[in-house]
Amino acid sequence: MTNESLTPEQVQQYNQDGYLIIRSFLNAEEVDKLYHVAIEDSAISKHAININDSTGKRSKLSLWYKPGDDVYGLLTRSQQLVEAVDALLDNPSSAVCHYHSKLMQKEPRVGGAWEWHQDYGYWYKNEFLLPDQMMSVMVAITDANQENGCLQVIKGSHKMGRVEHGFAGEQVGASQRYVDLALKTMEHVFVELTAGDVLFFHSNILHRSEANLSDKPRWSMISCYNRQSNIGYNESSSSSASITPIDVVPNEALLTWDAAGLVEEGAGFLSKEADVSLK
């Protein structure tokens, strides 16, 4: 990892734009370890959920609540990542907690699109009240570009607050009327990342991605964070991690600790049937 703290200018940019990219946050050795563990992880593949878009194309994701001593947990709990999240979330007097992490898998030519949405459009149903105390962090495990369906954002749209969401296929999507209005005055950005880059984004920024029509996969890990002060009143007991302070580990743990894939019993995987946002 880069072992550098966020600058005041980077914090200001996040607050203004709703997102922040840190290039080469992970080095090549760290990315290689993450990728090879991910593609060989039987627990990840066993608990992958297929989510269909409005055209019937599907993306796969595996979502878990409890960060452990596996490679994903060590990254999620790493000092540099947690300190960066702490610098960006509202209410710095409250501890940073891990809400959930997910491995996103867009396979070549079949990986589906994600409709325009806000993460808080989902989390609102879990009755979290304070969206400024929630955020997502995307780690690019493979390159992400327009050809393989990289993330797109509407720059500054987090300042609109939450917009209404409904269903598009099996996904929760933002009101198209408000998306269209936002696009009239706000910049539409394709967030192209190189493996090892990290994207921090606000829970209310509007974002989407196209289907992967390329011949290369797009893999990314997204960890979602919350302040301990922000209680999800409609949360299941499996996700109590959202108000449990993170047990931070040294940055070098990802490479130096003996860590592999997820331990199935301790991760607390999400099942499609248990997802309140899909009901």
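Here are some exercises with worked solutions on a predicted model of a protein chain.

## Exercise 1: Getting your bearings

Work out what the protein chain's secondary structure, burial and contacts look like overall.

**Solution.**
- Start with the secondary structure: the chain has nine helices and 13 strands.
- Next, burial: of the 279 residues, 54% are buried.
- Then the surface: about 12,000 Å² is exposed, and 48% of that comes from carbon and sulfur atoms.
- Last, the contacts. Take those with a separation of 6 or more; 86% of them are between residues 24 or more positions apart.

## Exercise 2: Rings that meet

Find out how many aromatic pairs the whole structure has, then classify W64–Y72 and Y99–W123.

**Solution.**
- Searching the whole structure turns up five aromatic pairs.
- Take W64 and Y72: their ring centres are 5.3 Å apart and their planes meet at 55 degrees, so this pair is tilted. The label follows because planes under 30 degrees apart would be stacked and those over 60 edge-to-face.
- Now check burial for these two. W64 has a relative accessibility of 1%, which makes W64 buried, and Y72 is buried too, at 0%.
- Move on to Y99 and W123: the centres are 5.5 Å apart with 75 degrees between the planes, an edge-to-face pair.
- Where do the two partners sit? Y99 is in strand β4 (residues 96-106) and W123 in helix α6, so the pair links distant parts of the chain, 24 residues apart.
- Burial again: Y99 is buried with 3% relative accessible area, and W123 counts as buried at 5%.
- To finish, add F128, which forms one aromatic cluster with Y99 and W123.

As a side note on rings, R162 lies over the face of Y124, 3.5 Å from the ring centre.

## Exercise 3: Following the salt bridges

Count the salt bridges in the structure, then trace R23–D197, R77–D69 and K155–E187.

**Solution.**
- Some background to begin with: side chains of opposite charge can pair when their charged atoms come close.
- The structure holds seven salt bridges.
- In the R23–D197 bridge, the closest N and O atoms are 2.9 Å apart. R23 sits in the loop between β1 (19-22) and α2 (28-40), and D197 in the loop between β10 (188-191) and β11 (198-202), so the bridge ties together parts 174 residues apart in sequence.
- Compare the ends of that bridge: R23 is partly exposed at 47% relative accessibility, whereas D197 is buried at 3%.
- R77 and D69 also form a salt bridge, with the closest N and O atoms 2.9 Å apart. Here R77 is buried at 6% and D69 is exposed at 51%.
- For K155 and E187, the closest N and O atoms are 3.7 Å apart. K155 is in the loop between β7 (151-154) and β8 (165-168), and E187 in the loop between α7 (176-185) and β10; this pair links distant parts of the chain, 32 residues apart.
- Both of these residues are partly exposed: K155 has 28% relative accessible area, and E187 has 47%.
- Finally, look for shared partners: they join D69, R77 and D247 into one network of salt bridges.

## Exercise 4: Positive phi without glycine

Say where N91 and E127 lie, what their phi values are, and whether they are buried, partly exposed or exposed.

**Solution.**
- The backdrop: most residues other than glycine have a negative phi.
- N91 isn't a glycine, yet its phi is positive, about 65 degrees. N91 lies in the loop between α5 (79-88) and β4 and is partly exposed, with a relative accessible area of 22%.
- E127 also has a positive phi, near 65 degrees, and is a residue other than glycine. Its place is the loop between α6 and β6, where E127 is partly exposed at 38%.

## Exercise 5: A nonpolar surface patch

Identify which residues form the nonpolar patch on the surface, and then place L129.

**Solution.**
- The patch is formed by L129, L130, I231, Y233 and I243, which together have about 470 Å² of accessible area.
- L129 is in the loop between α6 (119-123) and β6 (134-140).
- With a relative accessible area of 56%, L129 is exposed, because exposed means over 50%.

Definitions and conventions:
Residues numbered from 1 in each chain as written. Predicted model: local features only at pLDDT ≥ 70, side-chain atom pairs only at ≥ 80, totals over all residues. Heavy atoms only, no water. Patch = residues over 30% accessible without salt bridge, like charges linked within 9 Å, V, L, I, M, F, W, Y side chains within 5 Å. Areas by Shrake-Rupley, 256 points an atom, 1.4 Å probe, with all protein chains shown as cover. Salt bridge = Lys/Arg side-chain N within 4 Å of Asp/Glu carboxyl O. Helix = DSSP H or I, 4+ residues; strand = E, 2+ residues; numbered from the N terminus. Buried < 20%, exposed > 50% of the residue type's maximum accessible area, 1.4 Å probe, protein only. Phe/Tyr/Trp six-rings, centres within 6.5 Å; stacked < 30°, edge-to-face > 60°. Lys NZ or Arg CZ within 6 Å of the ring centre and 35° of its normal. Contact = heavy atoms within 4.5 Å.
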